[in-house]
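Work through the exercises below with the sequence and the structure at hand. Try each task before reading its solution.

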Amino acid sequence: MAGAGGTAAYADALDAALAETVRATGASVGALFLLTPDGRELFLDALCGAPAELAKPWTRIPLTAPAPVAVAAREDRMVWVGSQEEMARDYPRTAMALPYPLALAAAPVAGVRRWGTLMLMWPATRPSYMTRRERQHIAASCGRLARALEDALHSGPPPAPADGPRVLSAGWGRLPMDPARSAADFVERLPGGSCALDLEGRFTYLSSGACELLGREAGELLGTWPWHSLRWLDDPSYEDRYRAAVLSREPVAFTACRPPDRWLEFHLYPDASGISVRIVPSGERPPPSPAPHRPRGSVTPARAGRLYQLTHLAAGLTEVVGVQDVIDLVADQIVPAFGAQGLVLSTADAGRLRITGHRGYSAEAVERLNGLPLDTTFTPAGDVLRSGMPAFFSDLEEMRRGYPEAPHISGKQAWAFLPLIVSGRPVGCCILSYDRPHAFSAEERAVLTSLAGLVAQALDRARLYDAKHDLAHSLQEALLPRTLPRVPGLRVAARYLPATRGMDIGGDFYDLFPLGDDAVAAVIGDVQGHDAAAAALMGQVRTAVHAHSAVGATPDEVLSGTNRLLIDLDVELFTSCLYVRLDLAGRKVSLASAGHPPPVVRRPGYGAEPVDVPPGPLLGIDPGAVFPLTEIPLTPGLMLALYTDGLVETPGADLDDSIADLARHLAHADDRDLQRLIDTLVDKAGTDELRTDDIALLVLHHTEGA
């Protein structure tokens, strides 16, 4: 914002609206995610009813992620997940990081612009459905949040990602209750022991009975985490019970052994302000699953939070496609999850480390580090690649002892050098760096080492994918016409749009070529598959169409000949195709289709409509297939739009309705500039963002008096 006052006012208004929404809906947790300035990600801006530590896996979420929060913003609709089973079925990646019984709603926050998503969570005890009134209430709350954000625009730029979310309790903004009331005497009269934890998991109160059972004084425990101050509770399974209580808001119980042989029952009762814990002796009978005994001096297992983070990040790494996807995931999720401020991700290429992605480094530093030999001794990268073991440097002095020149390059104060090794082969190196000294715990080193192996596998797959993608894309570009021929009496324009990043290339193609002096042929098609084989087949189809057209074949004969060729080639890929012959002298249009969407025709004074072209089967299936011939008059001003299914196919929408919408848009489009007309058709079809299929579009306009 413009200043501290503007920032505070904006935050207060949002926080008040978020806390009130959590209270009014009965939710246990609320979170506000806002879009980053480039619109590619959502960042966690404010969190209510849960500690920031539990939300670390979701501080930044790509807009394309298969998560309820991203889906709500991306598709501008409310997402409701009524149970843990529903979460596992519809959003398995989210379920891996939230393995608790709960219900969740994610609703878009939008006004004059799209702002982000409001997420609410309830205990699983609430009904598994949402009423219309509840939906309306959440939608109204989203409207209030959007208005608060829009009001803040008058004070400065939109909110941007900070170091972490603002964390508030569900009681934020309420008038304080009477502090004189105390239950200490009541608690002391109860048998056993009682204590309280805040939502972060720290002790805030212990009765004398609890201190006696735990074997420690209250002063030694207050403000500490149980699994840190009581070594016999230092096991991920116990911390996981606390996490389950916080997120599910359901009572949780477990049994633990205080050495040498005293078994205690812990009963956790959570709400929005914290957790009440009752501790009672459980007798001599051991629990069903006692905490595993670890020999003295053994490594402490990773915290449950870290384990869930690792699971969440591992799931993300299995879904990345290209190298840039790997870079984005490491930079946006792994770097903040470990509190780092800098990243350098290098890949091994021709004996050198080429930097493919970085964050938090100057251009000069990147230039100095780029292209170092794999066996470099200038930085620890060469040593970690040779040994296959990561290296951690907690401060400048530790780095200077082994690599005296390295610290001066970036100005960083601590580093983690992670070798990326696949089957004994170096793939690259990942460097996380810190602006201040950072002591790496044994747990943190173990998790980062495990993540390095996952990143290496993902990066290796991504490089292979990018290489194949670039080959197929280059082949496809070479086969598409660079320019369209000039034909007297005919205006033409074409467009090819690949699927958005993360998808394979398609096999869509188009072509236009003259047939003598008074006729022209237009062809458009879609080859099954999304790889180099599909692109190669696209070239064979175009060649066959040209060859049959050159000998004067009619549209149905062209498709029949091309069909026989594909069957003879036995390529096991099918192709849709529409062939159009415009007889400019005879004022006639002849068409034949092989399973392709019908073209749309626009006639002056008559609007636009799909041409009724009876389709034959896809090419490459039936050697005896027949492709019916259709003819329409070529009147002055007639316009034809040929397209592939990527322009009209939308999940959940009827194809005929989509084609009818295309015809309506064509009827009202300005035809003075055909390229702008194509822009209009693509924009109206809603395929300008997040395309799941490629698009080919060819527009032909017979000019007046031709």
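**Exercise 1. Cavities**

Task: How many cavities of 30 Å³ or more are there, and which residues are closest to the centre of the largest cavity?

Solution.
- Step 1: count. This is a predicted model, and the count comes to six cavities of 30 Å³ or more.
- Step 2: take the volume. The largest cavity holds about 280 Å³ of space.
- Step 3: find its centre. The lining has 28 residues, and Phe33, Trp58, Ile61, Leu98 and Met119 are the closest to the centre.
- Step 4: trace the elements. At least two lining residues come from each of strand E1 (29–35), strand E2 (41–48), strand E3 (60–62), helix H2 (68–75), helix H4 (92–97) and strand E6 (114–123).
- Step 5: sort by class. The lining of the largest cavity has 23 nonpolar residues, three polar and two charged.

**Exercise 2. A six-stranded sheet**

Task: In what order do the six strands of the open sheet that includes E15 run, and which are the edge strands?

Solution.
- Step 1: read the order. The six strands run E15-E14-E13-E18-E17-E16, with antiparallel pairing.
- Step 2: pick out the edges. Strand E15 (372–373) and strand E16 (391–393) each pair on one side only.
- Step 3: check one edge. E15 pairs with strand E14 (residues 352–359) in the antiparallel sense over two bridges. Leu353 has Leu372 in E15 as its bridge partner.
- Step 4: add the helix. Helix H12 (residues 323–337) packs on the sheet and touches strand E13 (342–349), E14 and strand E18 (425–434). The direction of H12 makes about 55° with that of E14.

**Exercise 3. A five-stranded sheet and Val492**

Task: Which helices pack on the open sheet that includes E19 and E25, and is Val492 buried, partly exposed or exposed?

Solution.
- Step 1: set the order. Five strands form this open sheet as E19-E29-E28-E24-E25, and the pairing is antiparallel.
- Step 2: name the edges. These are E19 and strand E25 (607–610), each pairing on one side only.
- Step 3: take the turn. Ignoring direction, neighbouring strands of this sheet are turned by 15° against each other on average.
- Step 4: look at one pair. E19 and strand E29 (residues 695–702) are antiparallel and share eight bridges. In this pair, Val492 stands opposite Leu700 in E29.
- Step 5: place the helices. Helix H20 (residues 655–668) packs on the sheet, touching strand E24 (600–603), E25 and strand E28 (639–643). Its direction makes about 155° with that of E25. Helix H21 (residues 674–684) also packs on the sheet, touching E19, E28 and E29. The direction of H21 makes about 40° with that of E19.
- Step 6: classify Val492. Val492 is found in strand E19. Its relative accessible area is 24%, so Val492 is partly exposed.
- Step 7: list its contacts. Beyond four places in sequence, Val492 is in contact with Leu484, Pro485, Leu512, Leu674, Val699 and Leu700.

**Exercise 4. Leu480 in a loop**

Task: Where is Leu480 found, and is Leu480 buried or exposed?

Solution.
- Step 1: locate the residue. Leu480 is in the loop between helix H17 (442–479) and strand E19 (490–497).
- Step 2: apply the cut-off. Buried means under 20% relative accessible area. Leu480 has 10% relative accessibility, so Leu480 counts as buried.
- Step 3: name the contacts. Leaving aside neighbours within four places in sequence, Leu480 contacts Tyr496, Asp508, Phe509, Tyr510 and Arg542.
- Step 4: add a distance. Leu480 and Asp511 are 31 residues apart along the chain, with C-alpha atoms separated by 7.4 Å.

**Exercise 5. Strand E27 and Asn563**

Task: Which side chains of strand E27 are buried, and what does Asn563 touch?

Solution.
- Step 1: split the faces. In strand E27 (residues 630–633), Thr630 and Ile632 point to one face and are buried. Glu631 and Pro633 point to the other face and are not buried.
- Step 2: find the partner strand. Strand E23 (residues 588–594) pairs with E27 in the antiparallel sense over four bridges. Ser590 has Glu631 in E27 as its bridge partner.
- Step 3: turn to Asn563. Asn563 lies in helix H19 (residues 555–569). Its relative accessible area is 1%, so Asn563 is buried.
- Step 4: list its contacts. Not counting residues up to four places away in sequence, Asn563 touches Leu618, Leu619, Gly620, Ile621, Asp622, Pro623, Ala625 and Phe627.

Technical notes: Residues are numbered from 1 along each chain as its sequence is written. This is a predicted model: local features need pLDDT of at least 70, side-chain atom pairs count only at pLDDT 80 or more; totals for chains, interfaces and linings use all residues. Side-chain values use heavy atoms; hydrogens and water are left out. On a 1 Å grid over the protein atoms alone, a cavity is a set of points where a 1.4 Å probe fits but cannot get out, and a pocket is an open set with protein on both sides within 12 Å along at least five of seven lines; lining residues have an atom within 4 Å of a point. Grid points are joined across faces, edges and corners, and a volume is the space filled by probe spheres set on the points. Ala, Val, Leu, Ile, Met, Phe, Trp, Tyr, Cys and Pro count as nonpolar, Asp, Glu, Lys and Arg as charged, and the others, Gly among them, as polar. Two strands pair if DSSP finds at least two bridges between them. Contact means heavy atoms within 4.5 Å. Axes are lines fitted to C-alpha atoms, for helices over the stretch in contact, and angles run from 0 to 180 degrees between N-to-C directions. Buried means under 20% relative accessible area, exposed over 50%, partly exposed in between (1.4 Å probe, protein chains only).
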